[in-house]
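Please find below some notes on the model, set out as numbered points. They cover helix packing, a small set of strands, a pocket and some backbone details.

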Amino acid sequence: MTPPNLTVVQHPLVVHYLTVIRDRRTAPREYREMTRRLSWLLVAEATADLPLLPTEIETPMEGGFVGGRLAKPTVLVPVLRAGLGMVEGALDLLGESSIGYIGLQRDEETARPVGYYNKLPPVSGARVLVLEPMLATGGSLAAAVDLVKAAGADDIVCVCVVTCPEGAETMAERHPDTPVYTAGHDRELDPRKYILPGLGDMGDRLFGTPH
Ligand code: URA
């Protein structure tokens, strides 16, 4: 059963792009492009409930047309390193966004994520999209959301590419108020905490570093 705050985005293009990046033969150039396109579809869903401000404009044909513009700013927060692969796609849709960066690494003694970089723009009053492609144990994403909340955010949505039950449960326990959107909810973690069937190491595949 998927936790109530997890949404698996259903769209044939999501399945298509995700299958391309799961394929072990896909090289970094195509990998980055497909991740960008997946980010469009995921970000569109993760912002589908954004409030609009009614805005009167003139079209070239006549005045008095009432449309809508986004009523609040947006902030993108990629979790380093793999989250960087989703920034360009998110900016294609939300080009006015400010961008914060969070870097976390595993403390080898405690196995807990420890922050090594945290640079956030003002987040109060904004929709904050935390970009973390692989939700494995959930420790890093939960810690990133802790940091974003501590900075004053109260409207946070997480955007992942692949999730698994352990990570989704961690998020449901630690941040039940924070929705998580994903392209695929996979079976399980292997003993090294990689997602199965997954897509391997997202950062390595995006940036062409050997695993
Ligand atoms: N991070 C990755 O890049 N891949 C996984 O499967 C798990 C964590």
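1. Helix H1 (residues 12-22) and helix H2 (residues 28-46) are roughly antiparallel to each other, because the angle between them is about 155° and angles over 145 degrees count as such. Their axes are 9 Å apart, and the crossing of H1 and H2 is left-handed. Note that this is a predicted model.

2. A second helix pair is formed by H4 (139-150) and H5 (residues 165-174), which pack with their axes 8 Å apart and at an angle of about 25°. That angle makes H4 roughly parallel to H5, since angles under 35 degrees count as roughly parallel. The crossing of H4 and H5 is right-handed.

3. An open sheet has 3 strands in the order S9-S11-S13, and the pairing is parallel. S9 and strand S13 (184-185) each have a single partner strand and stand at the edges, so one side of each is left without a neighbour in the sheet. Between S9 and strand S11 (residues 162-163) there are 2 bridges, in the parallel sense. Met134 has Val162 of S11 as its bridge partner.

4. Met134 also belongs to the lining of the largest pocket, being among the residues that lie nearest its centre, together with Glu132, Ala136, Ser140 and Lys193. The largest pocket holds about 1,100 Å³ of space and is lined by 38 residues. By type, the lining divides into 19 nonpolar, 9 polar and 10 charged residues.

5. Which elements give two or more residues to the lining of the largest pocket? They are strands S4 (74-80), S6 (101-106), S7 (113-119), S9 (134-135) and S15 (195-196), with helices H4 (139-150) and H6 (202-207). H4 supplies the largest share, 5 residues. S9 thus appears both in this list and in the open sheet, and H4 appears both here and in the packing with H5.

6. Two peptide bonds deserve a check by eye. The bond from Leu80 to Arg81 is cis, with omega near 5°; Arg81 lies in the loop between S4 and helix H3 (87-93). The bond joining Leu196 and Pro197 is also cis, with omega about -5°, and Pro197 is placed in the loop between S15 and H6. Most residues other than glycine have a negative phi, and most peptide bonds are trans.

7. Lys193 has a positive phi, near 70°, although the residue is not glycine. Lys193 is found in the loop between strand S14 (188-189) and S15, and is one of the residues nearest the centre of the largest pocket.

Definitions and conventions. Residues are numbered from 1 along each chain as its sequence is written. This is a predicted model: local features need pLDDT of at least 70, side-chain atom pairs count only at pLDDT 80 or more; totals for chains, interfaces and linings use all residues. Side-chain values use heavy atoms; hydrogens and water are left out. On a 1 Å grid over the protein atoms alone, a cavity is a set of points where a 1.4 Å probe fits but cannot get out, and a pocket is an open set with protein on both sides within 12 Å along at least five of seven lines; lining residues have an atom within 4 Å of a point. Grid points are joined across faces, edges and corners, and a volume is the space filled by probe spheres set on the points. Helices (H or I, at least four residues) and strands (E, at least two) are DSSP runs, numbered from the N terminus. Ala, Val, Leu, Ile, Met, Phe, Trp, Tyr, Cys and Pro count as nonpolar, Asp, Glu, Lys and Arg as charged, and the others, Gly among them, as polar. Two strands pair if DSSP finds at least two bridges between them. Axes are lines fitted to C-alpha atoms, for helices over the stretch in contact, and angles run from 0 to 180 degrees between N-to-C directions. Angles under 35 degrees count as roughly parallel, over 145 as roughly antiparallel, 65 to 115 as roughly perpendicular and the rest as oblique. A crossing is left-handed if the near helix is turned anticlockwise from the far one by less than a right angle, and right-handed if clockwise.
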